Amino acid sequence: MADVAPRELRVDVTGILDELADTIDVELEFALEPIELGPQRFVPTSEAELNVVLTYTGTGIVASGTVAVDVSTTCARCLTEFEMTVVGDVQGLYVRPGVEAEVPEEQEAEEITGRHIDLMPAISAGFALALPFAPLHSPDCAGMCVTCGQDLSEGACSCEEDLSRSPFAVLKDVVTGEENNS
Ligand SMILES: [Zn+2]
Ligand SMILES: [Zn+2]
């Protein structure tokens, strides 16, 4: 059934809709679909953990908190598969139908449908900001050899022996020469 409808994460807000400044702590875990971001694919290896406080402000409901999930992805430099934890900020504003006019134009607001709000758009936005465009399996990943594909973090490949014949050898001499002059 979830295949047809857009993914939602609906929370019942009945408990706070009548009392100003009332809050609900939303703490729940849910399964997350793999996330595609450009050429990068992030496959969840844990349930996503949501920790959000909902506050009724009179005009609507403000959601504020975090969502965290462990994902498996490939290093953008050496293509090693590795796991990382992603923590996104979840910020949302939800208004009753018809009160959008009171919401500042630059502020994006979702509607409260019935007595529910859908936290999924805010969660997706949080992940989109938190996920790296070029994840590295380690900050000092050495990358891989463009000639043979060897993972240079695991050691040099034999291509380096041919360095003297590569165009970079010339460059190396120039750099060394400059160092000697100074
Ligand atoms: Zn790497
Ligand atoms: Zn190589």
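This briefing covers the fold, the core, the two zinc sites and the confidence of one chain. The model is predicted. The chain holds 2 helices and 9 strands. Two zinc ions are bound: C75, C78, H137 and C141 coordinate ligand 1, while C145, C148, C157 and C159 are the protein donors of ligand 2.

**Confidence**

- The average pLDDT of the chain is 83, and 82% of the residues reach at least 70.
- Residues 1-6 stay under 50 in pLDDT, and the model gives them 0 contacts beyond four places in sequence.
- Residues 177-182 also have a pLDDT below 50, with 0 contacts beyond near neighbours in sequence.
- Where pLDDT is low, predicted coordinates should not be read in detail.

**Overall build**

- Read from the N terminus, the elements run β-β-β-β-β-β-β-β-β-α-α.
- Of the 182 residues in the chain, 32% are buried.
- Among contacts with a separation of 6 or more, 58% join residues 24 or more positions apart.
- The chain exposes about 11500 Å², and carbon and sulfur atoms supply 51% of that area.

**Nonpolar core**

- In soluble globular proteins, nonpolar side chains tend to be buried together.
- The largest nonpolar core here has 32 residues.
- L50, L54, I61, L119 and I123 touch the most other members of this core.
- Two or more core residues come from each of β2 (23-30), β3 (35-37), β5 (48-56), β6 (60-74), β7 (81-95) and α1 (120-130).
- I123 contacts L9, F30, L50, V67 and V90, leaving aside its neighbours within four places in sequence.

**Zinc ion, ligand 1**

- The donor atoms are SG of C75, SG of C78, ND1 of H137 and SG of C141.
- These donors lie at 2.0 to 2.3 Å from the zinc ion.
- The arrangement is tetrahedral because the 4 donor atoms subtend angles of 104 to 116 degrees.
- Along the chain, the donors follow the spacing C-x2-C-x58-H-x3-C.
- C75 and C78 are both buried.

**Zinc ion, ligand 2**

- The SG atoms of C145, C148, C157 and C159 lie 2.3 Å from this zinc ion.
- This site is tetrahedral too, with angles of 107 to 114 degrees among its 4 donor atoms.
- The donor residues are spaced C-x2-C-x8-C-x1-C in sequence.
- C145 and C157 are 12 residues apart, and each sits in the loop between α1 and α2 (167-181).
- Both C145 and C157 are buried.

**Strand residue E29**

- E29 belongs to strand β2.
- Leaving aside neighbours within four places in sequence, E29 contacts E47, A48 and E49.
- E29 and A68 are 39 residues apart along the chain, and their C-alpha atoms are separated by 9.5 Å.

**Positive phi in two loops**

- A21 lies in the loop between β1 (10-12) and β2.
- The phi of A21 is near 70 degrees, a positive value in a residue other than glycine.
- A21 counts as exposed because its relative accessible area is 54%, and the cut-off for exposed is over 50%.
- L79 lies in the loop between β6 and β7.
- The phi of L79 is near 65 degrees, a positive value in a residue other than glycine.
- L79 is likewise exposed, with a relative accessible area of 54%.

Notes. Residues numbered from 1 in each chain as written. Chains lettered and ligands numbered in written order. Predicted model: local features only at pLDDT ≥ 70, side-chain atom pairs only at ≥ 80, totals over all residues. Heavy atoms only, no water. Donors = N, O, S within 2.8 Å, 3.2 Å for Na, K, Ca; no water. Tetrahedral: all angles 85-135°; square planar, octahedral: opposite > 155°, others 65-115°. Buried < 20%, exposed > 50% of the residue type's maximum accessible area, 1.4 Å probe, protein only. pLDDT = per-residue confidence, 0-100. Contact = heavy atoms within 4.5 Å. Core = buried A, V, L, I, M, F, W, Y, C linked by side-chain atoms within 4.5 Å. Helix = DSSP H or I, 4+ residues; strand = E, 2+ residues; numbered from the N terminus. Areas by Shrake-Rupley, 256 points an atom, 1.4 Å probe, with all protein chains shown as cover.
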